[in-house]
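Biologist: Could you take one small part of this model and walk me through it slowly, side chain by side chain? I'd like to know what touches what, and how that part ties in with the rest.

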Amino acid sequence: MYRKWLRDIAEQQGADGALPHVAPRPRTHGSPAWDVAYHLVSWYCYEQFGDVRFLRDHYEGMKQYVRYLSAQATD
């Protein structure tokens, strides 16, 4: 279930790095408070199952999201 959900998020990530508020659903921007689940669930699944694919498959998307947040920061 987690692998599919993470894939749904990754597929709906915007070109600018923004993550969807809910996945799978039509793309709407979320907020850092919710979007951090993409990073945390990837990490928790790696810790729980010892499967590095959770991190490997989503590492670029996670980096892209951090770049998106950096571009949105005003101060």
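**A close look around Asp51**

Modeller: Let's come in through Tyr46, which counts as partly exposed at 28% relative accessibility. One caution before going on: this is a predicted model, so read every distance here as computed from it.

Tyr46 sits in helix 2 along with Trp43, three residues away, or about one turn of the helix. Trp43 is partly exposed too, with a relative accessible area of 38%. There are three aromatic pairs in the structure. Trp43 and Tyr46 make up one of them, a tilted pair with 5.3 Å from centre to centre and 45° between the planes.

From Tyr46 we can step straight to the residue I'd put at the middle of this tour. Skip the neighbours within four places in sequence, and Asp51 is in contact with Arg3 and Tyr46. You'll find Asp51 in the loop between helix 2 and helix 3. Is this acidic residue buried or exposed? Asp51 is buried, because its relative accessible area of 15% falls under the 20% cut-off.

So what does the Asp51 side chain do there? Its side chain makes a polar contact with the side chain of Arg3 at 2.9 Å, and another with the side chain of Arg53 at 2.7 Å. Both pairings are also salt bridges: Asp51 with Arg3, where the closest N and O atoms are 2.9 Å apart, and Asp51 with Arg53, at 2.7 Å from N to O.

The structure holds five salt bridges. The Asp51–Arg3 pair links distant parts of the chain, 48 residues apart: Arg3 belongs to helix 1 (residues 2–12), while Asp51 is in the loop that runs between helix 2 (32–49) and helix 3 (53–72). As for the two arginines, Arg3 is partly exposed at 29%, and Arg53 is partly exposed at 39%.

Another salt bridge joins Asp57 and Arg56, with 3.5 Å from N to O. Asp57 is partly exposed at 45% relative accessibility, whereas Arg56 is exposed at 52%. Back at our loop, shared partners join Arg3, Asp51 and Arg53 into one salt-bridge network.

Arg3 has one more thing going on: Arg3 lies over the face of Phe54, at 4.2 Å from the ring centre. If you're turning the model on screen, follow Arg3 to both Asp51 and the Phe54 ring.

Now for how this ties in with the rest. Helix 1, where Arg3 lies, also takes part in the largest nonpolar core. That core has 13 residues, and Leu6, Ile9, Leu19 and Tyr38 touch the most other members. Helix 1, helix 2 and helix 3 are the elements that give two or more residues to this core, and helix 3 gives the most, with five. In soluble globular proteins, nonpolar side chains tend to be buried together.

For a feel of the packing, click on Ile9. Leaving aside its neighbours within four places in sequence, Ile9 is in contact with Leu19, Pro20, Ala23 and Tyr38.

To pull the threads together: Asp51 is a buried residue in the loop between helix 2 and helix 3, in contact with Tyr46, and part of a salt-bridge network with Arg3 and Arg53. Helix 1, helix 2 and helix 3 meet again as contributors to the nonpolar core.

Technical notes:
Residues numbered from 1 in each chain as written. Predicted model: local features only at pLDDT ≥ 70, side-chain atom pairs only at ≥ 80, totals over all residues. Heavy atoms only, no water. Salt bridge = Lys/Arg side-chain N within 4 Å of Asp/Glu carboxyl O. Helix = DSSP H or I, 4+ residues; strand = E, 2+ residues; numbered from the N terminus. Buried < 20%, exposed > 50% of the residue type's maximum accessible area, 1.4 Å probe, protein only. Core = buried A, V, L, I, M, F, W, Y, C linked by side-chain atoms within 4.5 Å. Contact = heavy atoms within 4.5 Å. Polar contact = N/O pair within 3.5 Å; in protein donor to acceptor, adjacent residues only side chain to side chain. Phe/Tyr/Trp six-rings, centres within 6.5 Å; stacked < 30°, edge-to-face > 60°. Lys NZ or Arg CZ within 6 Å of the ring centre and 35° of its normal.
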